[in-house]
Amino acid sequence: MNKKQKKNLIRIIVSAMLMIFLGFFTGKDKQIQGVIRFVLYLVPYIIIGYDIIIKALKGIKNRQPFDESLLMAIATVGAMALAVYKDGDYTEAIAVMLFYQIGEWFQSYAVGKSRKNITELMDICPDYANIEGEDGQLEQVDPDEVEIGSIIVVQPGEKIPIDGIVEEGETTLDTAALTGESLPRTAKKGDEVISGCINMTGLLHIRTTKEFEDSTVSKVLELIEDASSKKSKSENFITKFARVYTPAVVYSALALAILPPIIRMVIGMDANFGTFIYRALTFLVISCPCALVVSIPLSFFAGIGGASHSGVLVKGSNYLETLSKAKTVVFDKTGTLTKGVFQVTAIHPSKLSEEELLHMAAHVERYSNHPIAISLRDAYKKEADGCQVSDVEEIAGHGVKAVVNGKIVYVGNSKMMDAIGAKWHNCSTHIGTIIHVAIGNEYQGHIVISDVVKPHSAQTIKSLKSAGINQTVMLTGDIKKVADTVAEELKIDKVYSELLPQDKVSMIEKILDNKKSENDVVVFVGDGINDAPVLSRADIGIAMGAMGADAAIEAADIVLMDDDPIKISTAIKISRKCLRIVNENIWFAIGIKLACLVLGALGFANMWLAVFADVGVMILAVLNAIRCLFVKEIDCR
Amino acid sequence: MKKSYKIDVDCANCAAKMEEAAKKTAGVKDATVNFMTLKMKVEFEEGVDPMDVMPVVRENCKKVEDDCEIFYKK
């Protein structure tokens, strides 16, 4: 509880006790009448309502009439005035104000509590960095002040404050707060480590490679905090609704207070002003749209918070909303469904020795970061020998050519061999990616590389199907045979293989054009390496395992912190649950309010019901919204 | 130029009103108020000094919602 909440709680208790006390002494036989009675009851009313009255007056002064303080002020002052004329029962006015304040208090408490819950979930921000001083003593400094290339020391139990490379020490890292992955990761000298991980066992010396504000942890926090500023359709609807709704209710209340009595007078009945003014006041109490205005953004915020806790970063409420309508999921194969770690499984030279063929291929791929290049270099350990490699040229969708020891060597797929006119032939024994090698334009043989499917990929597809995804599609630059084998293993509906990066974009466009209705959302999942254009073209782009890959984080709408595909299914489930809760709250709040308005107009609802319609609904909606925070993990065993 | 300020406000509807008021202030290109994180992000128009604009933003917000605060001073 903060100061304001404490103060208001005391006001609520004091005024409630005073009211009961007064009721006890003045209620039954009404010994105390007239002005004294009014003044006595005025005391608890002022205690509980003074700030509302002041706020209402300020509202009028600033020409902001339709605010809830004014509504409450009019309603309770009106009830007081009616009591003076009618029966001297002031309790109702005080009770309404009291209940309103209790509701406000509870709301402020609940929102504060959930705000704390959510920020605790996202409590990955380090407060300090340790720098070793000249005398060997550790000194705590603001992470903002650490320059790139400084050595920071992270003790066991501390968070890594800034991204960097381990210079000294070995340890296990807890990445759960960042990725939702509970399995610890080991880090040793030379490994890259990201900020936000908790150092569990050993002392680490880390050389920073980024400034604090560019480090993973700062990026992630900024992303989450910005997320709720991209508003969803539901939120915009509520804002618009609130803008129309409050004035509409106020004018209806005015009409309800004036029109029926006038009509009754005209047709010769008793005008009965008191009854209708009372009904109008009830109207005003019901009118505040706060339940909606607070619970919808809160639901989204809690949903985004819960998602980030399990390693799914959503960049805006609007994306969460769109994702919930996903009907088609398109996957990139490599790095998404498969590990993307290629291994050389066979070497079939035509003239050279196996070793020599691998040697040439590894040299050509010396500077490339493509997974195939890495696996070729991994297979040929002596790559860093003295051979001359120059004029390296990467030809997208074909391969790489380079001059090795004075000879032009081509390493690539069959398209590349066709292009240079080398007479290639396919591998008859192995399935996998075939890397052809040619020197000059003479074919030298091929190397077979294959990729391994990730352990949770099949489970992911199954889980997506049961979550109501109609269609799963796989796009890959890989050859048809490999793609078909993987697709069959994972039970994917459609496969498009041998695509160049630009083909993937046109493929996505084709899928988008073939949508049955506007509401069928197409999701694309990629690992962020050279599929940024596809990520931004799809209705929702999900980048996975994108820690540190800035371009992918930029282009994607949703970022999965680790590279486990099951998180795709988790993300869709979170979005569905969140949207379900949002809709529940919209219908529940609007429904109850409209019902109470009708009952109020007909005279069946009193102030008490009205107060429930206002604050009771709001509290229930807030509690419902908090449910978005809890994410059920999908069991993969 | 974009800047983020801590704010204090009690209800979500009031936060929405503050956002409207901040947006209409001269020198402000765009503003968003995040009720859950209690932060106001203000995008300023080019060539204006945030320290000149923020007092006006605060004043305008105070007009629509008396019970609010923007912490823009260091």
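Helices α14(A) and α19(A) are roughly parallel to each other. The model is predicted, and the values below are computed from it. Two packed helices are described by the angle between their axes and the distance between the axes. Here the angle is about 20 degrees, and the axes are 8 Å apart. Angles under 35 degrees count as roughly parallel, so α14(A) and α19(A) earn that description. In sequence, α19(A) covers residues 566-602, while α14(A) covers residues 457-466.

Which residues make this contact? From α14(A) come A:Gln459, A:Thr460, A:Ser463 and A:Leu464. From α19(A) come A:Ile566, A:Ile568 and A:Ser569. By type, the contact residues divide into three nonpolar and four polar. No charged residue takes part.

Stay with α14(A) a little longer. A:Ala458 also sits in this helix. Is A:Ala458 buried or exposed? A:Ala458 counts as partly exposed, because it has 16 C-beta neighbours inside 10 Å. A buried residue would need 20 or more, and an exposed one would have 12 or fewer. Beyond its neighbours within four places in sequence, A:Ala458 is in contact with A:Glu489 and A:Leu490. Take A:Glu489. It lies 31 residues from A:Ala458 in sequence. In space, the two are 7.6 Å apart, C-alpha to C-alpha.

Now step back to the domains. The domain assignment of chain A gives domain 1 (3-119 + 229-302 + 577-629) and domain 2 (129-158 + 162-214). It also gives domain 3 (317-332 + 455-556) and domain 4 (339-453). The C-alpha centres of domain 3 and domain 4 of chain A lie 29 Å apart. Their contact takes 13 residues from domain 3 and seven residues from domain 4. Which helix gives the most to the domain 3 side? Helix α15 of chain A, residues 480-490, does, with six residues. The domain 3 side divides into six nonpolar, three polar and four charged residues.

One more contact remains, that between the chains. How many residues does each chain bring? Chain A brings 19 residues and chain B brings 16 residues. On the side of chain A, four helices each supply at least two residues: α2 (34-61), α4 (91-121), α7 (233-266) and α9 (290-309). The largest share, six residues, comes from α9(A). By type, the residues on the chain A side divide into nine nonpolar, six polar and four charged.

Methods: Residues numbered from 1 in each chain as written. Chains lettered and ligands numbered in written order. Predicted model: local features only at pLDDT ≥ 70, side-chain atom pairs only at ≥ 80, totals over all residues. Contact = placed C-beta atoms within 7 Å. Nonpolar A, V, L, I, M, F, W, Y, C, P; charged D, E, K, R; others polar. Domains from an automatic or database assignment. Axes fitted to C-alpha atoms, helices over the stretch in contact; angles between N-to-C directions. Parallel < 35°, antiparallel > 145°, perpendicular 65-115°, else oblique.
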